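Me: Please take me through one part of this model in close detail. I would like the helix packing first, and then whatever surrounds it.

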Amino acid sequence: MQRSVPQTFDRVLSSMCTDPHPAARAAAERFLATNPGDPATYRDVAELEADAVATLGEMTGLADPHGYVTSGGTEANVQAVRAARNRRRGDVSDPNVVAPESAHFSFNKAADVLDVELRLVPTDDDHRADVGAVRAAVDDDTVLVVGVAGTTEFGRVDPIPELAAVAHDAGAFLHVDAAWGGFLLPFTDRAWSFAHAPVDSLTVDPHKCGQACIPAGGLLFRDRSGLDSLAVETPYLESTSQATLTGTRSGAGVASAAAAMDELWPDGYRREYERAADLASWFAGELRSRGFDVVDPELPLVAADVSDSLFAALRDREWRVSRTDAGHLRVVCMPHVTREALSSFLADVDAVR
Ligand SMILES: Cc1ncc(COP(=O)(O)O)c(C=O)c1O
Ligand code: BAL
């Protein structure tokens with residue numbers, strides 16, 4: 001049987017995943033045969049998960065975080081919706097969640113699985129949540145308001161403190177989805193985390209800009225009651241209850257997340273943020289100099305208006321690129337994206353346009 005070989009990263013320009021750090025790869029290998037889903041049995045990886053959660057809390061301004069390493073941002077977001085629904089079960093029988101239209105499609109999955117109404121509201125003309133529109137959509141049945149800190153399409157940071165005020169005025173919880181932005185934003189002046197607003201829960205994924213192996217997402221709650229609202233009894237396990245959505249979980253993902261953060265937090269991530277921010281600024285300038293309409297990058301993600309024919313030609317030249325719903329080319333300056341790769345990309349743009 002021809003053994004398939006995974007793609008290389010040299011032409012991958014739109015993924016929010018990346019080539020894991022060597023320390024993460026080594027840790028994943030060591031802990032491949034462990035299950036943090038049963039921490040009483042697999043105690044060593046459970047200790048690594050506690051270390052990972054503690055570092056994620058430090059990154060996001062939470063001294064006493066309650067959470068776990070999830071299978072990804074989707075699980076984290078589904079669980080945040082589930083926790084809000086469960087915590088308001090006593091007084092809300094027909095729950096809804098209010099989120100900006102820029103929210104990741106994992107919230108659509110959450111609404112479907114949990115039978116919760118999802119109210120998507122328009123963003124403003126710079127692709128951020130419109131606080132007035134969110135306030136108008138909230139009512140007595142709203143259990144959660146979502147803000148995004150590093151949106152998938154444009155890398156935008158929503159006005160989190162204002163969204164938190166809207167949520168709490170309505171008696172709802174506030175969840176921040178920093179799945180992609182969470183390892184970048186600590187090095188910016190943005191107000192996005194538990195440190196900047198009364199955020200109730202937050203998603204931050206080590207397997208994106210954290211350079212951990214897949215699967216390694218992250219879900220944090222400010223209060224223990226958030227995690228407790230998810231727990232079910234697990235009679236046949238050595239551990240007596242489980243708050244996670246999945247049962248058996250990847251010890252490789254957990255260990256790789258702990259190893260990557262042990263290696264890179266904070267200085268390595270700061271250097272990578274500065275490199276990626278400079279690269280995105282340079283790339284945006286190169287596209288503008290060629291006459292393309294470029295959305296000013298707030299984080300290291302560059303979105304530009306390109307024609308269908310140019311986009312297709314670049315795909316034909318084996319560039320792994322995707323587009324926003326509105327058709328902008330989106331280039332995500334992950335750790336594996338280099339100036340050499342983008343210079344080669346620009347040479348192809350010049351050749352085909
Ligand atoms: C903002 C945001 N939230 C959630 C997700 C989903 O994360 P995952 O693919 O790890 O489930 C993504 C993925 O790109 C994302 O950008
Ligand atoms: N949600 C992350 C999928 C990707 O961008 O690769």
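The reply below starts with one helix, follows its contacts, and then turns to other sites in the chain.

Reply: This is a predicted model. Start with helix α9, which covers residues 267–289.

What angle do α9 and α11 make where they pack? The angle is about 10°. Helix α11 spans residues 339–352, and the two axes lie 11 Å apart. An angle under 35 degrees counts as roughly parallel, so α9 is roughly parallel to α11. Their crossing is right-handed.

Now the residues at that contact. Helix α9 contributes Leu279, Trp282, Phe283, Glu286 and Leu287. Helix α11 contributes Arg339, Leu342, Ser343, Phe345 and Leu346. By class, seven of these residues are nonpolar, one is polar and two are charged.

Phe283 also serves as a reference point for Asp10. The two residues are 273 places apart along the chain, and their C-alpha atoms are separated by 16 Å. Asp10 sits in the segment before α1, a helix of residues 22–30. Leaving out residues up to four places away in sequence, Asp10 touches Trp319 and Ala341. Ala341 falls within the 339–352 span of α11. The side chain of Asp10 also makes a polar contact with the side chain of Thr8, at 2.8 Å.

Go back to α9 and look at its other partner, α8. Helix α8 runs over residues 251–264. How do α8 and α9 cross? They cross at roughly 80°, and their axes come within 5 Å. Angles of 65 to 115 degrees count as roughly perpendicular, so α8 is roughly perpendicular to α9. On the α8 side, the contact residues are Ala260, Met261 and Leu264. On the α9 side, they are Asp267, Gly268 and Tyr269. This contact holds four nonpolar residues, one polar and one charged.

The link between α8 and α9 has its own feature. Pro266 lies in the loop between these helices. A cis peptide bond joins Trp265 to Pro266, with omega at about -10°.

A second cis bond appears elsewhere. It joins Ile214 and Pro215, with omega at about 5°. Pro215 is in the loop between β6 (201–203) and β7 (217–221).

Next, another helix pair. Helix α3 (residues 73–87) packs with α4 at an angle of about 45°, and their axes are 9 Å apart. That angle makes α3 oblique to α4. The crossing of α3 and α4 is right-handed. From α3, the contact uses Thr74, Asn77, Val78, Val81, Arg82 and Arg85. From α4, it uses Ser106, Phe107, Lys109, Ala110 and Leu114. By class, five are nonpolar, three polar and three charged.

Just past α4 comes a backbone feature. Which loop holds Asp115? Asp115 lies in the loop between α4 (106–114) and β3 (117–121). Its phi is positive, about 55°, although Asp115 is not a glycine.

Helix α3 also leads to ligand 1. Thr74 meets α4, and Thr74 is also among the closest residues to ligand 1. How many residues surround ligand 1? There are 13, and the closest are Thr74, Thr152, Asp177, His207 and Lys208. Oxygen atoms of this ligand have several polar neighbours. A backbone N or O atom of Gly73 lies 3.0 Å from one ligand oxygen. For a side-chain N or O atom of His207, the distance to an oxygen of ligand 1 is 2.9 Å. For a side-chain N or O atom of Lys208, the distance is 2.8 Å.

Lys208 appears around ligand 2 as well. The other residues around ligand 2 are Ser15, Met16 and Cys17. A side-chain N or O atom of Ser15 is 2.7 Å from an oxygen atom of ligand 2. A polar backbone atom of Met16 is also 2.7 Å from an oxygen atom of this ligand.

To recap the helix pairs: α9 is roughly parallel to α11, α8 is roughly perpendicular to α9, and α3 is oblique to α4.

Key: Residues are numbered from 1 along each chain as its sequence is written. Chains are lettered from A and ligands numbered from 1 in the order in which they are written. This is a predicted model: local features need pLDDT of at least 70, side-chain atom pairs count only at pLDDT 80 or more; totals for chains, interfaces and linings use all residues. Side-chain values use heavy atoms; hydrogens and water are left out. Axes are lines fitted to C-alpha atoms, for helices over the stretch in contact, and angles run from 0 to 180 degrees between N-to-C directions. Helices (H or I, at least four residues) and strands (E, at least two) are DSSP runs, numbered from the N terminus. Angles under 35 degrees count as roughly parallel, over 145 as roughly antiparallel, 65 to 115 as roughly perpendicular and the rest as oblique. A crossing is left-handed if the near helix is turned anticlockwise from the far one by less than a right angle, and right-handed if clockwise. Contact means heavy atoms within 4.5 Å. Ala, Val, Leu, Ile, Met, Phe, Trp, Tyr, Cys and Pro count as nonpolar, Asp, Glu, Lys and Arg as charged, and the others, Gly among them, as polar. A residue is near a molecule or strand if one of its heavy atoms lies within 4 Å of it. A polar contact is a pair of N or O atoms within 3.5 Å; within protein, one must be able to donate a hydrogen and the other to accept it, and residues adjacent in sequence count only if both atoms are side-chain atoms.
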